[in-house]
There are 2 protein chains.
Amino acid sequence: MQLDVADLEAYARGCAILGTGGGGDVGIPALAARAALRTHGPVDVVDLDDLPDDALVMPVAGWGAPTVAIEKFESGEEIVAVRDAVERWFARRVDVLLIGEIGGGNGVAPVGWAARLGLGLVDADGMGRAFPEGDQVSMHVAGVPPSPAFQADERGNVLTLEPVDGRWLERLGRAGVMAFGGTVTVADHVMDVATARTATVRGTVTQALRIGRALETGGLDEVVRACAAVRLAGGKVADVERRTTGGFARGVVSIHGTREDAGRRIQIHVQNENLLATEGDRMLACVPDLIVLADEATGDAVPTERVRYGQRLVVLGLPCAPIWRTPAGLRVAGPDRFGFPHEYRPVEEAM
Amino acid sequence: MQLDVADLEAYARGCAILGTGGGGDVGIPALAARAALRTHGPVDVVDLDDLPDDALVMPVAGWGAPTVAIEKFESGEEIVAVRDAVERWFARRVDVLLIGEIGGGNGVAPVGWAARLGLGLVDADGMGRAFPEGDQVSMHVAGVPPSPAFQADERGNVLTLEPVDGRWLERLGRAGVMAFGGTVTVADHVMDVATARTATVRGTVTQALRIGRALETGGLDEVVRACAAVRLAGGKVADVERRTTGGFARGVVSIHGTREDAGRRIQIHVQNENLLATEGDRMLACVPDLIVLADEATGDAVPTERVRYGQRLVVLGLPCAPIWRTPAGLRVAGPDRFGFPHEYRPVEEAM
């Protein structure tokens, strides 16, 4: 299968849904990817089973606050610097790119990077969604060491991180994000294909495209069917509390139910992504399941940094990839990791 | 020449004077160096003229806020991790250590590191004093590139920095300092001996020892003679304004003159080091010259983090190394770099 210019819009809409509010806006990465595909041609999307065991997989992502990412664009050189740093470290060529985070702009940008570098893109990612922190990837849960990791900015600065564990990957990486001005291009958890087969969430590139096509043909109802999603509520944004601190966009979105949900009061707690949906004392959904705020009219996911007073939204819950529901997965990305007192309960049991 | 346990006290007192308030307290580094010298034997202090042109010189220092350094100690493993990172990068052995900053604890700790690593110590450093920021080294003024630089902490975390220029070395390095909790062990401006001969401030290890011996034998008066120093004032600390922000200890020390200086009001502006001494509208001394606050009774330099209300101090001005008085040196470490409106004037012209 190939991704080409004609697929980009649907693919980006699917990535936005999987972004669960974060992963960065898809608009600018889609423009950059379009330009790269036009210049360099379509990108091969390859299954890990079709690659040799020892091929080198480079997971890539942008780190930072999405509120910054919509104003601070990449130059296109960052990914070259990151690839060069990885190849120098491992003293061999990178064979294929892996999307670190399929959600939001982070799912879209690597399409352009793959075109630019002339590399294929694995049909998988490290999350099956978007998460805010650097160790919240399936590779980490699967035991792939977090060292080394590589960051590059648009000026040509490069950082090589050798953290002793996942929390230090996040801590050192976030320091880099802030030093670089809020966003940075990253490769981490570089591994061989044999490792990647069990350490990634597979099929998510084609899944994003499928969700986007469902949205095109049947709107949100079709997305709900395609994702086994749960409609949690519908309503109007009554308040947005938002601040960019510590390299993250944090806040709370208050939604007042309308129509069949009139009288309901929903709160969405955000750290780049929508992490927790509550209604009074009741938990509707929480990480690692996906909480999506979708525009009632278009069905498009509304990212964290674009939620505004008065928007009419539908709140969807999507089941996360199975790895996140394991004890190891919940330790890395469950409600407790984010300081929420709630116990995890699968979103499909919520209603 | 060799440095051994018997030299440490005088050497550390000399480093404290050259610290101009910063470089970190000498007490704990002196204890660590003593232990290392006892275990591994004395350290050779070698002149750059006696080393082969292509020998690899590793400049080393602790970065961070001295207010943190007196509470957060090194484990001894940091320097090994830094050396390993340098040797991996350059694919060759490090031949000799260079003190990045002769002032304060940063002049003392490398004696222990050299003993630990079984390496000699060059009779030179990168400053001839202490400076707060990472690019304020003679190597930078001499055009040695700031990339790569290496940081390691006591847990085993390592960062390799490839900054595009000196300001980015400081910015990325300071982000590492903060992520690591306020202090970190660093190697930067790694170079060969041929380069080091013109890119360092030479003779400063033996100079520190000479100042310490002068203090032992003749007190402050002897130090003033040995350093061509200027006595700017004597008085009592009337106020200390101090905060640790952005990885630095910043503040202002107010001194009320006593005896022959009765009625005088001196202010010392601090960013880790004493940067500027003023009396009303008049500038007494400023960076890159050295401003030393010395205990009136013992003659010992009092570092930034130990200045207290009521102390009786003598304020000395010492001329800096000639490289800092060049236009390039003043750009990197003159009053303008720190945001002071004053024009630089050599301290010996002040009185």
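**Note on a two-chain predicted model**

1. Symmetry. Chain A superposes on chain B by a rotation of 180° with 0.0 Å of shift along its axis, at RMSD 0.0 Å. The fit is by least squares on the C-alpha atoms of residues with pLDDT of at least 70 in both copies. The two copies are thus related as by a two-fold rotation axis. Thr160(A) has the C-alpha nearest that axis in chain A, at 2.4 Å.

2. Basis. This is a predicted model, in which local features need pLDDT of at least 70 and side-chain atom pairs count only at pLDDT 80 or more, while totals for chains, interfaces and linings use all residues. Residues are numbered from 1 along each chain as its sequence is written, chains are lettered from A and ligands numbered from 1 in the order in which they are written, and side-chain values use heavy atoms, with hydrogens and water left out.

3. Interface. Of the interface residues of chain A, 100% are also interface residues in chain B, so the copies meet through the same surface. Contact here means heavy atoms within 4.5 Å.

4. Sheet of chain A. An open sheet of 7 strands runs β15-β14-β13-β12-β11-β17-β16 in chain A, with antiparallel pairing. β15 (282-286) and β16 (290-295) of chain A stand at the edges with a single partner strand each, so one side of each has no neighbour in the sheet. From one strand to the next, the twist averages 35°. Strands (E, at least two residues) and helices (H or I, at least four) are DSSP runs numbered from the N terminus. Two strands pair if DSSP finds at least two bridges between them.

5. Pairs in that sheet. β11(A) and β12(A) run antiparallel and are joined by 10 bridges. One bridge sets Arg243(A) opposite Arg250(A) in β12(A). The two strands form a hairpin with 2 residues between them, and Gly246(A) in the turn has a positive phi of about 60°. β11(A) also pairs with β17(A), antiparallel, over 6 bridges. There, Val230(A) stands opposite Gly317(A) in β17(A). Further along, β13 (residues 265-271) and β14 (residues 273-279) of chain A pair in the antiparallel sense over 5 bridges. Val270(A) has Asn274(A) of β14(A) as its bridge partner.

6. Helix on the sheet. Helix α9 (residues 204-227) of chain A lies across β16 and β17 (312-318) of chain A, and runs at about 10° to β17(A). Axes are lines fitted to C-alpha atoms, for helices over the stretch in contact; angles run from 0 to 180 degrees between N-to-C directions.

7. Sheet of chain B. Chain B has an open sheet of 7 strands, in the order β15-β14-β13-β12-β11-β17-β16, with antiparallel pairing. Its edge strands are β15 (282-286) and β16 (290-295), each paired on one side only. In chain B, 10 bridges join β11 (residues 230-245) to β12 (residues 248-257). Lys236(B) stands opposite His256(B) in β12(B). Helix α9 (residues 204-227) of chain B packs on this sheet and touches β16 and β17 (312-318).

8. A residue in β13(B). His269(B) lies in strand β13 (residues 265-271) of chain B. Beyond its neighbours within four places in sequence, His269(B) contacts seven-strand-sheet and other residues including Gly251(B), Asn274(B), Leu276(B) and Phe340(B). The C-alpha atoms of His269(B) and Val5(B) are separated by 35 Å, at 264 residues apart along the chain.

9. Cavities. The count comes to 4 cavities of 30 Å³ or more. A cavity is a set of points, on a 1 Å grid over the protein atoms alone, where a 1.4 Å probe fits but cannot get out; lining residues have an atom within 4 Å of a point. Grid points are joined across faces, edges and corners, and a volume is the space filled by probe spheres set on the points. The second largest cavity holds about 60 Å³. Its lining includes Val240(A), Arg250(A), Val270(A), Asn274(A) and Thr304(A). β11 (230-245) and β12 (248-257) of chain A each supply at least two lining residues, and β12(A) gives the most, with 4. By class, this lining has 5 nonpolar, 3 polar and 3 charged residues. Ala, Val, Leu, Ile, Met, Phe, Trp, Tyr, Cys and Pro count as nonpolar, Asp, Glu, Lys and Arg as charged, and the others, Gly among them, as polar.

10. Backbone points to check. A cis peptide bond joins Ser147(A) and Pro148(A), with omega about -5°. Pro148(A) is in the loop between α6 (138-141) and β6 (149-152) of chain A. Another cis peptide bond joins Val287(A) and Pro288(A), with omega about 5°. Pro288(A) lies in the loop between β15 and β16 of chain A. Arg259(A), a residue other than glycine, has a positive phi near 50°. Arg259(A) is found in the loop between β12 and β13 of chain A.

Note on methods
1 Å grid on protein atoms, 1.4 Å probe; cavity = no way out; pocket = protein on both sides within 12 Å on 5 of 7 lines; lining within 4 Å.
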